[in-house]
Amino acid sequence: MSSELLRVEGLAKSFPTGEGTIEVLRGIDLRIGEGERLAILGESGVGKSTLLHVLGTLDHPTAGRVWFRGEDVFEKPAPELARFRNAQLGFVFQFHHLLPEFDAIENVMLPGLIGGLSFAQLRERAAAILHEVELSHRMTHKVGKLSGGERQRVAVARALLLDPPLLLADEPTGNLDPRTAETVENLLLEMNRTRGTALVVATHSGRLAEKLGTAVTLVGAGSRTGASLAVDPAA
Amino acid sequence: MMIMEKSSDIAILKAMGADDSVIERIFAIEGTLIGVAGIALGITAGVAVTHQLGWVQRQIERITGIDTLPASVYQISTLPADVDPMQVVVIAGIALILSLGATLLPSRRGARLDPAEALRYE
Ligand SMILES: Nc1ncnc2c1ncn2[C@@H]1O[C@H](COP(=O)(O)OP(=O)(O)O)[C@@H](O)[C@H]1O
Ligand SMILES: [Mg+2]
């Protein structure tokens, strides 16, 4: 087993609402090694996005801890957490979330601009990554002019610009037709192989989970207080 | 308004590691630029119309066929128009202050937006 990248212990997440507390996640334990792949499998509303958001430090857990390369991420103050996300994490969401005012290469450059890298250097780097995802010919297209699959490949390129050790993808192919979904899935797997980026994918697709090789299944969440949630590691 | 429409952009910027202060600055700059552009446009149009008031009046009379200032009623047949530079500066200044006020508070609120919450709604 490769050395540990991410470890989750006793993670719980509930949301206070007007009519009481919604408990979504409880007792989640996970471990992901450097360069490994993991599917977070479960039906709609079970808490996959919630878990991914907590792993990605976009939301704080109600209980439990998340370690990244041995560091307790939620010990970090907010500005440091932002830098952590910038340097160590890549995100891909179901709806590409590209910025529509910019063209493909500018979108890919964004994490680097946020990280304070030089424009010229970034442009070169972004062009190289767009080449890797086979979008060299679409570099200066406004993202609105791209197809769904192309947009998602731009999103993958953007997520990988700074070569993060971990890529978090939330239903990355949920909005694509089956053929296009397949090419984006293959791209993610290829990036995992060639770059060694660990891959955590939230999906309701058993087929995609199988492709990733390792899965945890979330069950029984998304209901009111008292719901129980189990994680079954499956090979 | 602008910032509410941008909530998913804010969420993704945060996911990419943009600090609250960065997002606040982006919106403050964008809002200020829009404000300044609007003021410049407004002053240009205002001064131009004032200078050409006689022409504007003639066009209105031509199109509607109405004598806007009939000599039988008024002592003057054209509107007096004068641009006071000081007045222009004061108005531009007030407009700038108002647009800044309308920008900075929403920018701060936008920057504090919860990314996980924003990503839930598609
Ligand atoms: N901020 C929130 N407030 C209240 N309930 C929430 C919030 N975020 C998520 N939930 C609820 O948590 C459950 C899991 O949501 P989610 O993680 O989006 O599921 P999935 O991604 O598996 O479809 C749903 O019932 C959802 O309504
Ligand atoms: Mg989801």
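A pocket is an open set of grid points, with protein on both sides within 12 Å along at least five of seven lines. In this predicted model, ligand 1 sits in the largest pocket. Ligand 1 lies between chains A and B.

The shell around ligand 1 draws on both chains. Strand 2 (20-33) and helix 1 (48-55) of chain A each give two or more residues to this shell, as does helix 6 (115-120) of chain B. Helix 1 of chain A gives the most, with 3 residues. By class, the shell has 6 polar, 4 charged and 4 nonpolar residues.

In total, 14 residues surround ligand 1. Those that come nearest are Gly45(A), Lys48(A), Ser49(A), Thr50(A) and Glu117(B).

Polar contacts were examined next. On the chain A side, a polar side-chain atom of Thr50(A) lies 2.6 Å from an oxygen atom of ligand 1. The backbone of chain A also takes part: a polar backbone atom of Gly47(A) is 3.0 Å from an oxygen atom of the ligand. On the chain B side, the partner is Glu117(B), with a polar side-chain atom 3.0 Å from a nitrogen atom of ligand 1. On its own, ligand 1 has 560 Å² of accessible area, and the protein covers 79% of it.

Key. Residues numbered from 1 in each chain as written. Chains lettered and ligands numbered in written order. Predicted model: local features only at pLDDT ≥ 70, side-chain atom pairs only at ≥ 80, totals over all residues. Heavy atoms only, no water. Near = heavy atom within 4 Å. Polar contact = N/O pair within 3.5 Å; in protein donor to acceptor, adjacent residues only side chain to side chain. Areas by Shrake-Rupley, 256 points an atom, 1.4 Å probe, with all protein chains shown as cover. 1 Å grid on protein atoms, 1.4 Å probe; cavity = no way out; pocket = protein on both sides within 12 Å on 5 of 7 lines; lining within 4 Å. Sits in = over half its atoms within 2 Å of the grid points. Helix = DSSP H or I, 4+ residues; strand = E, 2+ residues; numbered from the N terminus. Nonpolar A, V, L, I, M, F, W, Y, C, P; charged D, E, K, R; others polar.
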